[in-house]
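Trainee: I should like to take a close look at a single part of this structure and then understand its surroundings. Could you please guide me through it in one connected account?

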Amino acid sequence: MTLEIVLITGMSGSGKSVALRALEDAGYYCVDNLPPELLLSFVALEQQASAERVAIAMDVRSATSLPQVPEQLRQLRQQGVVVRSLFLDATTDTLVRRFSETRRRHPLSSNRPGAQDSGLAHDQQHALVDAIELERELLAALREQAHVIDSSVIRPAQLQAHVKSLLSAPASQLTLVFESFAFKRGIPVDADYVFDVRMLPNPHYEAALRDLTGRDEPVIAFLKQSPDVAVMYGHIEGFLDHWLEHLARDHRSYVTVAIGCTGGQHRSVYLVEQLAAAFGKRWIALKRHRELDV
């Protein structure tokens, strides 16, 4: 029986615990904050026990030994273990807000007792930003080798659903994730490619279409009649058609294509639906509507 391991890493406050709970619900045996020094021996024990699916979370508290992890993952793959790496990320502003709301201390923050009581809130926030940026540097190599999930503007339930959908796809094939979003809420930091479609005709200005979405037939009909929408679709499809084979040969597991419009409701949703349907005939294609999937 082949062992499948999901390694969850990422920024402190980005939702690693939420992702781990989603995997536990999906039937994975989950271990939080495993020191990298124990990874290979832990996997050997799980193989002896004939385990099938294991999820492991690691974070910056193991900073000194994290550089070992990429080589360890390579060794595990050579042994036939199926390894998937997920990296949870969020914008710095989001992380600062979450730490402020929960009043938790960042694991890399210097311990300065009484700072908040002494009226040093500004200095404290500056120190938190410094700690977050240092964490980004320490985790950069792991991020580079993982599929990134941006948790900045999604709720825990959305994150859990997205993690489950990603891991439902076969590990041996390239998986495309088409994601619609609103530029006014920020560009997803997990996107490999971003396409801006705000120049296309906007159904928002049609009273009968304003409250509908790009999944509704009247909006679909409105956008299909536009030559510019057809040209944009063709350009995106042609770009992906050309490069996906190259990405697959480069052993990429996931590719996230983000398509943004002003509100993330009409144009980007329509194009995500159309592209996912087309590419789903040749590849594994998932779709996310960041502003609608609430």
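Mentor: Let us begin with R210, which is found in the loop between β7 and α7, the helix of residues 217–224. Please keep in mind that this is a predicted model.

Is R210 buried, partly exposed or exposed? Its relative accessibility is 38%, so R210 counts as partly exposed. Setting aside residues up to four places away in sequence, R210 touches P203, H204, Y205, Q265 and H266. One of these residues, H204, also offers its backbone: the backbone oxygen of H204 lies 2.7 Å from a polar atom of the side chain of R210. Another, Q265, stands 55 residues away from R210 in sequence, yet the two C-alpha atoms are 9.2 Å apart in space.

The loop between β7 and α7 also holds T213. Unlike a partly exposed residue, T213 is buried, because its relative accessible area is 15% and the cut-off for buried is under 20%. What does T213 touch, not counting residues up to four places away in sequence? The answer is V219, Q265, H266 and L292. Q265 and H266 therefore appear in two lists, that of R210 and that of T213.

The loop leads us to the sheet that contains β7. This is an open sheet of four strands, in the order β7-β8-β6-β9, and the pairing is parallel. Its edge strands are β7, residues 193–196, and β9, residues 284–289, each of which pairs on one side only. On average, neighbouring strands of this sheet are turned by 20° against each other, direction ignored. The partner of β7 is strand β8, residues 254–261, and the two pair in the parallel sense over four bridges. Within this pairing, D196 stands opposite G260 in β8.

Two helices pack on this sheet. Helix α8, residues 227–249, touches β6 (175–182), β7 and β8, and its direction makes about 175° with that of β7. Helix α9, residues 267–279, touches β6, β8 and β9, and its direction makes about 170° with that of β6.

We may now turn to another sheet of the chain. This open sheet has five strands in the order β2-β3-β1-β4-β5, with parallel pairing. β2 (29–31) and β5 (147–150) stand at its edges with a single partner strand each, so one side of each has no neighbour in the sheet. Here, neighbouring strands are turned by 20° against each other on average, direction ignored. Strand β4, residues 82–89, runs parallel to β5, and four bridges join them. As one example from this pair, the bridge partner of F87 is V148 in β5.

Helices lie across this sheet as well. Helix α2, residues 39–48, lies across β1 (4–10), β2 and β3 (53–57), and runs at about 160° to β3. Helix α6, residues 156–167, lies across β1, β4 and β5, and runs at about 155° to β4.

A residue of strand β4 deserves a moment of attention, namely S85. S85 is buried, with a relative accessible area of 11%. Leaving aside its neighbours within four places in sequence, S85 is in contact with L7, L73, R77, Q145, A146 and H147.

Let us finally view the chain as a whole. Its secondary structure comes to nine helices and nine strands. The radius of gyration is 21 Å, close to the 19 Å that the globule rule gives for 294 residues, so the chain is as compact as a globular protein of that length. Its C-alpha atoms fill a box of roughly 60 × 60 × 30 Å, taken along the principal axes. Buried residues make up 48% of the 294 residues. Among contacts between residues at least 6 apart in sequence, 79% join residues at least 24 apart.

How confident is the predictor, and where should one be careful? The mean pLDDT of the chain is 91, and 95% of its residues reach 70 or more. Over residues 111–120, however, the pLDDT is below 50, and this stretch has eight contacts in the model beyond near neighbours in sequence. Where pLDDT is low, the predicted coordinates should not be read in detail.

Definitions and conventions:
Residues are numbered from 1 along each chain as its sequence is written. This is a predicted model: local features need pLDDT of at least 70, side-chain atom pairs count only at pLDDT 80 or more; totals for chains, interfaces and linings use all residues. Side-chain values use heavy atoms; hydrogens and water are left out. Two strands pair if DSSP finds at least two bridges between them. Axes are lines fitted to C-alpha atoms, for helices over the stretch in contact, and angles run from 0 to 180 degrees between N-to-C directions. Contact means heavy atoms within 4.5 Å. pLDDT is the predictor's confidence in each residue, from 0 to 100. Buried means under 20% relative accessible area, exposed over 50%, partly exposed in between (1.4 Å probe, protein chains only). A polar contact is a pair of N or O atoms within 3.5 Å; within protein, one must be able to donate a hydrogen and the other to accept it, and residues adjacent in sequence count only if both atoms are side-chain atoms. The radius of gyration is taken over C-alpha atoms; the globule rule is 2.2 Å times the number of residues to the power 0.38.
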